[in-house]
Amino acid sequence: MTGREQKKLCRNDLAAVVGARLQSAGGCEAVVKKQLPQLDSLNLTIESISVNGATATAKVKSTYSGKNRITTVALVKEGPRWKISGVQ
């Protein structure tokens, strides 16, 4: 992922509250760059989505260390876009 793509991810895909937390940890782009080598695969499969007003949760299947795992991703609607607000 290039610096331009990291900036786009931080600006377009992460909720403001996440960006603020990452700012105190060295900045969003720096944190994303540091964490990317930890990923086995950038492929995700959405298993289900539950919407409740301006918040939602998505069950997402990913691969880590060769094993499939389901993770819950919290989303929040900011303006017209849904953005990631947390991962459980």
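The exercises below work through a predicted model, each with a stepwise solution.

**Exercise 1. The helix pair**

Find how helix α1 and helix α3 pack, and which residues make the contact.

Solution.
1. Locate the helices: α1 covers residues 3–12 and α3 covers residues 28–35.
2. Compare their axes, which lie 9 Å apart at an angle of about 115°.
3. Assign the handedness: the crossing of α1 with α3 is right-handed.
4. List the contact residues. On α1 they are Gly-3, Gln-6, Lys-7, Leu-9 and Cys-10. On α3 they are Cys-28, Glu-29, Val-32 and Lys-33.
5. Sort them by class: four are nonpolar, two polar and three charged.

**Exercise 2. The disulfide**

Determine which cysteines form the disulfide, and whether each is buried or exposed.

Solution.
1. Count the links: the structure has one disulfide.
2. Identify the partners: the sulfur atoms of Cys-10 and Cys-28 are 2.0 Å apart. This is within the 2.5 Å cut-off, so the pair counts as a disulfide.
3. Place the partners in the chain. Cys-10 belongs to helix α1 and Cys-28 to helix α3, 18 residues apart, and the bond links distant parts of the chain.
4. Read the torsion: the angle about the S-S bond is -90°, and the link between Cys-10 and Cys-28 is left-handed.
5. Apply the burial cut-off, under 20% relative accessible area. Cys-10 has 14%, so Cys-10 is buried. Cys-28 has 8%, so Cys-28 is buried as well.
6. Relate this to Exercise 1: Cys-10 and Cys-28 are also among the residues in the contact of α1 and α3.

**Exercise 3. The sheet**

Work out the strand order of the sheet, and explain why β1 and β4 each have one side without a neighbour.

Solution.
1. Write the order: the four strands run β1-β2-β3-β4 in an open sheet with antiparallel pairing.
2. Find the edges, which are β1 (45–52) and β4 (81–87).
3. Count partners: β1 and β4 have a single partner strand each, so one side of each lacks a neighbour in the sheet.
4. Note the twist: with direction ignored, neighbouring strands are turned by 30° against each other on average.

**Exercise 4. Pairs and turns around β3**

Describe how β3 pairs with β2 and with β4, and which turn residues have a positive phi.

Solution.
1. Start with β2 (residues 55–64) and β3 (residues 67–78): they are antiparallel and share 10 bridges.
2. Pick out residue partners. Lys-61 faces Ile-70 in β3, and Ala-56 is bridged to Leu-75 in β3.
3. Inspect the turn: two residues separate β2 from β3 in this hairpin, and Ser-65 in the turn has a positive phi of about 55°.
4. Move to β3 and β4, which are antiparallel and joined by six bridges.
5. Pick out partners again. Val-76 is bridged to Lys-83 in β4, and Ala-74 to Gly-86 in β4.
6. Inspect this turn: β3 and β4 form a hairpin with two residues between them, and Gly-79 in the turn has a positive phi of about 65°.

Technical notes:
Residues numbered from 1 in each chain as written. Predicted model: local features only at pLDDT ≥ 70, side-chain atom pairs only at ≥ 80, totals over all residues. Heavy atoms only, no water. Axes fitted to C-alpha atoms, helices over the stretch in contact; angles between N-to-C directions. Left-handed = near helix turned anticlockwise from the far one by under 90°. Contact = heavy atoms within 4.5 Å. Nonpolar A, V, L, I, M, F, W, Y, C, P; charged D, E, K, R; others polar. Pairing = 2+ DSSP bridges. Buried < 20%, exposed > 50% of the residue type's maximum accessible area, 1.4 Å probe, protein only.
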